[in-house]
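Q: I would be grateful for a close look at one part of this protein, the open sheet together with what packs around it. Please set out its strands and residues in a connected account, and then place it beside other parts of the chain.

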Amino acid sequence: MTPDPSASPIWATLTAAAAVVPDIRSLLDTHPERPIRSTVSAAGITLDYSRQRITPEALDSLITLADQQGVFTRRAAMFAGEHINVTEDRAVLHTALRLPREASLVVDGVDVVAEVYEVLNRMGSFAKAVRNGDWRGATGKRINAVVNIGIGGSDLGPAMAYAALRNYSKREMTFRFVSNVDPTDLSEAICDLDPACTLFVIASKTFSTLETMTNGQAARSWLVAALGEKAVAKHFVAVSTNSELVQAFGIDRANMFGFWDWVGGRYSMDAAIGLSTMIAIGPKGFAAMLAGFHAMDTHFLTEPPARNLPVLMGLLAVWNRNFLNISTNAVLPYSRYLSRFPAYLQQLTMESNGKSVRLDGSAVTYETGAIVWGEPGTNGQHSFYQLIHQGTSPVACDLIVIAQSDNPLGDQQNILIANALAQAAVLSRGRTLDEVTADGTEADLVPHKVMPGNRPTTVISASQLDPFTLGALIALYEHSVFVQGALWGINSFDQWGVELGKKMALGILAVIDGQGDAATLDAATRHSISVIAEQGAS
């Protein structure tokens, strides 16, 4: 039976501690050494959690609770390849995707590292051929545009990585990402492309995902209309395990790149799903990203909890969610290149830990899975930061700061960093009534300018945003999510809520197409179908 963390005496201790914990300003002012003691670094990433509303004693209790709940035992089991995804009876081995080439990890009788590098080698050869012009389209022209067609983990990871590493990409090539079955998504992605110079990467493990294959077939029709059926094999490749459907589409098996059941979609961007990323930044850049992942993996596996970045982040997330009753976490990257990072983390966090039953199927009696959202600074400062600063619902914040800009222009980078640190100060310390009054503010405006502060804030910083750093940053969040799920006793590696929606959509589609029985649908759905059908006909 899965242990219930809320039944532990330590949970009661933490609840009592949260009721009397000082505000963040008091913690910082009473303990001037706090920032130094609350800053840890690994794999090029620095984590400053001094602005979190927690005492060292409460953090120690969280570490004890994590140990009691088997978090560290479960961590070892994950890295060893045990089937910790119990609802699907699978190993969870995204960490094997970035092991060094010389490593070996035998799982279920198979050396998975050897299999990983067989795929990586093929990806590397293909990426080089596209990048240097050896791979040509059906008319003999070089490929100058790559369109990745996927959804969920088959889209968010590659799209985020390309945006983050665009400065390291092959600039003379265009990269676009299509995920939405809304016809506008594909239409806008290809409207200005030359079919003779365009390569499509279709990413679907089963090669049957409704949205992905609908877009894939539409892209195929667009290409065939311009170049003919025989051109398909030179302009489409597949990231899939279904060779039969891949071949039926017209793609050569040699241009099919597979992956494994032990890699969940949201953890797969460093496998074949990252093919478009590898074409963009090259095999060497992709290898550097894998090295960053692995450096954080090693740190997570070996470093003591009190100095372990993912453990600390995960435990602080549990503290904020369960003991400070904060239900949402804003990820605020002060880097334009990380514009897609909050969306990527939404899937990673909310699909993983949006669960209401424990591993044994028993209902949880505590909150799990915070709502994750965000937008790059400084844009967000002029929109939703108002609610964060003075709204009635406290929000925990992660501010991500990159010290060096890849595009230095005058004093802009210093202004960017100053804004980030100013927000960290105001979020955590606020602005008191006395301070506002001392500024000479008119009496009737004083209450409007008070900032309550006390918003738990973590500052995550790195020297630069290169492939290694991006890998380490992603792995940091991956393992933080793991720590949270393991402490809560839930399975962070299935997503049954996603599967049900897919199944129901097929039934509704059949009715819309006139091939299904509307009586099988509920009254509200039948009504909506009729209303939208009338609107479509008008």
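A: The account below begins with the sheet, continues to individual residues, and ends with the aromatic rings. The model is a predicted one.

The sheet is open and consists of 6 strands, arranged in the order E1-E2-E13-E12-E10-E11 with mixed pairing. Its edges are formed by strand E1 (39-42) and strand E11 (371-373), each of which pairs on one side only. On average, and with direction ignored, neighbouring strands of this sheet are turned by 20° against each other.

At the E11 edge, the partner is strand E10 (residues 328-334), and E10 and E11 run in the parallel sense, joined over 3 bridges. Within this region Asn-329 stands opposite Val-372 of E11. Helix H16 (residues 412-429) packs on the sheet, where it touches strand E2 (45-51), E10, strand E12 (396-402) and strand E13 (457-462). The direction of H16 makes about 160° with that of E12.

Strand E2 also contains Asp-48. With a relative accessibility of 14%, Asp-48 falls under the 20% limit and therefore counts as buried. Its side chain makes a polar contact with the side chain of Arg-51, at 3.3 Å. Leaving aside residues up to four places away in sequence, Asp-48 touches Pro-35, Ser-38, Thr-39, Thr-457, Thr-458 and Val-459.

A second buried charged residue is Arg-25, with a relative accessible area of 18%; Arg-25 belongs to helix H2 (residues 24-30). The side chain of Arg-25 reaches the backbone oxygen of Arg-429 at 3.1 Å. Residues up to four places away again excluded, the contacts of Arg-25 are Ser-428, Arg-429, Gly-430, Arg-431, Thr-432 and Glu-435.

Another pair of strands may be set beside these. Strand E5 (residues 145-149) is mostly covered, as 5 of its 5 residues are buried. In a regular strand, side chains alternate between the two faces of the sheet. Both faces of E5 are covered: Ala-145, Val-147 and Ile-149 are buried on one side, and Val-146 and Asn-148 are buried on the other. E5 pairs with strand E6 (residues 174-178) in the parallel sense over 5 bridges, and the bridge partner of Val-147 in E6 is Arg-176.

The aromatic rings complete the picture. A search of the whole structure finds 20 aromatic pairs. In one of them, Phe-200 and Trp-222 have ring centres 5.9 Å apart and planes at 85°; because that angle is over 60 degrees, the pair is edge-to-face. The two residues come from distant parts of the chain, 22 residues apart, with Phe-200 in strand E7 (residues 198-203) and Trp-222 in helix H9 (residues 210-227). Phe-200 is buried, at 0% relative accessibility, whereas Trp-222 is partly exposed, at 22%.

Elsewhere, ring pairs link Phe-79, Tyr-267, Phe-300, Phe-482 and Phe-493 into a cluster. One member of that cluster, Phe-300, has Arg-75 lying over its face, at 5.4 Å from the ring centre. Likewise, Arg-220 lies over the face of Phe-249, at 5.5 Å from the ring centre.

Key
Residues numbered from 1 in each chain as written. Predicted model: local features only at pLDDT ≥ 70, side-chain atom pairs only at ≥ 80, totals over all residues. Heavy atoms only, no water. Phe/Tyr/Trp six-rings, centres within 6.5 Å; stacked < 30°, edge-to-face > 60°. Helix = DSSP H or I, 4+ residues; strand = E, 2+ residues; numbered from the N terminus. Buried < 20%, exposed > 50% of the residue type's maximum accessible area, 1.4 Å probe, protein only. Lys NZ or Arg CZ within 6 Å of the ring centre and 35° of its normal. Pairing = 2+ DSSP bridges. Axes fitted to C-alpha atoms, helices over the stretch in contact; angles between N-to-C directions. Contact = heavy atoms within 4.5 Å. Polar contact = N/O pair within 3.5 Å; in protein donor to acceptor, adjacent residues only side chain to side chain.
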